[in-house]
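Please look at the sequence and the structure below before reading on. The report that follows begins with charged pairs and then turns to strands, the core, aromatic rings and two backbone angles.

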Amino acid sequence: MRKTMLILIFTLIGIFVLTKINFPLKKEKIVGKYINMNFENKSCCVGAPHKADTLILYSDGSYESNFYRNGKYNFKENILEINYDYENGKAQYRAIMSNKLFQKPIIELNYKLNHHYEKIEW
């Protein structure tokens, strides 16, 4: 009985830990269409969209977005760098890409406010 209880406890702890791990992404896996979620809070994230937006990442390193317009991105070690032009010149937005078990990949814009782009499968 005690052995069974310990096995159950360790199994539940293991499942919990696995759901919290951010697994590494490969560049091929980030390609796709993302939609902006939870963007209503205007006080966060200078350089992040605070309106509905769709971001499309292409395999050649280019992207399309209504907010960032068209440009190039870099991806390395779960960090996405979006390079874009704006009225005062050039800028870059860096975001962590999250890839957790049983969830779609997301581009985290503000972790605390759950402001992110969520991937739509196509």
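## Salt bridges and their surroundings

By the rule applied here, the count of salt bridges comes to 2, in a model that is predicted. As a general background, side chains of opposite charge can pair when their charged atoms come close.

One of these salt bridges is formed by Glu81 with Arg94, whose closest N and O atoms are 3.1 Å apart. Because Glu81 lies in strand 5 and Arg94 in strand 6, the pair ties together parts that are 13 residues apart in sequence. What is the relative accessibility of each partner, Glu81 and Arg94? Glu81 has 19% relative accessibility and counts as buried, because buried means under 20%, whereas Arg94, at 52%, counts as exposed, because exposed means over 50%.

In another salt bridge the side chains of Asp85 and Lys90 meet, at 3.0 Å from N to O. Here Asp85 is partly exposed, with a relative accessible area of 42%, while Lys90 counts as exposed at 70% relative accessibility. The backbone offers a second link for these residues, since the bridge partner of Asp85 in strand 6 is Lys90.

| Salt bridge | N to O distance |
|---|---|
| Glu81 and Arg94 | 3.1 Å |
| Asp85 and Lys90 | 3.0 Å |

## How the strands pair

How many bridges join strand 5 to strand 6? Strand 5, which covers residues 79-86, and strand 6, which covers residues 89-98, run antiparallel and are joined by 8 bridges. A hairpin of 2 residues leads from strand 5 to strand 6. Strand 6 also pairs with strand 7, residues 106-110, in the antiparallel sense over 3 bridges, and in this pairing Met97 stands opposite Ile107 of strand 7.

Ser98 belongs to strand 6 as well, and with a relative accessible area of 2% this residue is buried. Leaving aside neighbours within four places in sequence, Ser98 is in contact with Asn22, Lys104, Pro105, Ile106 and Glu108.

## The nonpolar core

A general tendency is worth recalling at this point: in soluble globular proteins, nonpolar side chains tend to be buried together. In this model the largest nonpolar core has 19 residues, of which Ile30, Leu57, Leu80 and Ile107 touch the most other members. The elements that give two or more residues to this core are strand 2 (54-57), strand 4 (69-76), strand 5, strand 6 and strand 7.

Which residues is Ile30 in contact with, leaving aside its neighbours within four places in sequence? They are Leu25, Leu57, Tyr73, Phe75, Leu80, Met97 and Lys119. Leu57 and Leu80 appear in this list, and they are also among the core residues that touch the most other members.

## Aromatic rings

A pair of aromatic rings is described by the distance of the centres and the angle of the planes. A search of the whole structure finds 4 aromatic pairs. Among them, the rings of Tyr68 and Tyr93 have centres 6.3 Å apart and planes at 45°, so this pair is tilted. The pair links distant parts of the chain, because Tyr68 sits in the loop between strand 3 (62-65) and strand 4 while Tyr93 sits in strand 6, 25 residues apart. Tyr68 is buried, with a relative accessible area of 1%, and Tyr93 also counts as buried at 11% relative accessibility.

The rings of Tyr84 and Tyr86 have their centres 6.4 Å apart and their planes at 55°, so this pair too is tilted. Tyr84 counts as buried at 13% relative accessibility, whereas Tyr86 is partly exposed, with a relative accessible area of 35%. These four tyrosines, Tyr68, Tyr84, Tyr86 and Tyr93, form one aromatic cluster together with Phe67.

## Two positive phi angles

Most residues other than glycine have a negative phi, and most peptide bonds are trans. Asn78, although it is not a glycine, has a positive phi of about 65°. This residue is found in the loop between strand 4 and strand 5, and it is buried, with a relative accessible area of 9%.

Asn114, which is likewise a residue other than glycine, has a positive phi near 60°. Its place is in the loop between strand 7 and strand 8 (115-120), and with a relative accessible area of 42% Asn114 is partly exposed.

Note on methods: Residues are numbered from 1 along each chain as its sequence is written. This is a predicted model: local features need pLDDT of at least 70, side-chain atom pairs count only at pLDDT 80 or more; totals for chains, interfaces and linings use all residues. Side-chain values use heavy atoms; hydrogens and water are left out. Two strands pair if DSSP finds at least two bridges between them. Helices (H or I, at least four residues) and strands (E, at least two) are DSSP runs, numbered from the N terminus. A nonpolar core is a set of buried Ala, Val, Leu, Ile, Met, Phe, Trp, Tyr and Cys residues joined through side-chain atoms within 4.5 Å. Buried means under 20% relative accessible area, exposed over 50%, partly exposed in between (1.4 Å probe, protein chains only). Contact means heavy atoms within 4.5 Å. A salt bridge is a side-chain nitrogen of Lys or Arg within 4 Å of a carboxyl oxygen of Asp or Glu. Rings of Phe, Tyr and Trp (its six-membered ring) pair if their centres lie within 6.5 Å; planes under 30 degrees apart count as stacked, over 60 as edge-to-face and the rest as tilted.
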